[in-house]
Amino acid sequence: MSTTTLLPNHSDISMDDYCVFGLATCFLKEDGEFHQVRVIEPIPSAALEPICQGIPTSYELVSAKSIGDILTGETLTKTSDFPDEAQFGDDFIERTLAAVRTYKNRPSAQSLITLGTVKKDLNFSLEKKRILNAVNVVKAEDNVKQHSHTHQVL
């Protein structure tokens, strides 16, 4: 059986490789108000296990697919598991390729969700909002004050 590589620069990735994609509820902050958006993004194996164990998550569902179901070259295809208003996350292709490699390095993670299935019984929570366009502004008041003798040799 021959495998087709996804992109010429990524010969280690094939169209049949396993990856988990999640539907996350995130927020954009505009003019002091939050607007809800639904984002499709790849989930690396290290994040999948705690999500399946029940930690609070912004994911409404996760779906195990071969990457050929979502990516064809550099074209993205939304499958029926995801709603029409959902959009693909930033750097989706690069993040997907990275996530695929995590499942190749840790194949035991593939047993958490079998290929072709959707898991909806997650601990979905919006208590801690995922803000996509948050900007961290550092101020002088944020600096930790140190004791005057901290940097002196006594």
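**Exercise 1.** In which helix does Ser 45 lie, and is Ser 45 buried or exposed?

*Solution.* Begin with the ground rules: this is a predicted model, in which local features need pLDDT of at least 70 and side-chain atom pairs count only at pLDDT 80 or more, while totals for chains, interfaces and linings use all residues. Residues are numbered from 1 along each chain as its sequence is written, and side-chain values use heavy atoms, with hydrogens and water left out.

Step 1: locate Ser 45 in helix α1 (residues 45-53); helices are DSSP runs of H or I with at least four residues, strands are runs of E with at least two, and both are numbered from the N terminus.

Step 2: Ser 45 has 5% relative accessibility, so Ser 45 counts as buried (under 20% relative accessible area; exposed is over 50%, partly exposed in between; 1.4 Å probe, protein chains only).

Step 3: leaving aside residues up to four places away in sequence, Ser 45 touches Thr 102, Tyr 103, Arg 106 and Ala 109 (contact: heavy atoms within 4.5 Å).

**Exercise 2.** Find which strands stand at the edges of the sheet.

*Solution.* Step 1: write down the order of the five strands, β6-β2-β1-β3-β7, in an open sheet with mixed pairing (two strands pair if DSSP finds at least two bridges between them).

Step 2: β6 (87-88) and β7 (118-119) each have a single partner strand, so they stand at the edges with one side lacking a neighbour in the sheet.

Step 3: check one edge. β6 pairs with strand β2 (residues 33-43) in the parallel sense over two bridges, and Val 39 stands opposite Gln 87 in β6.
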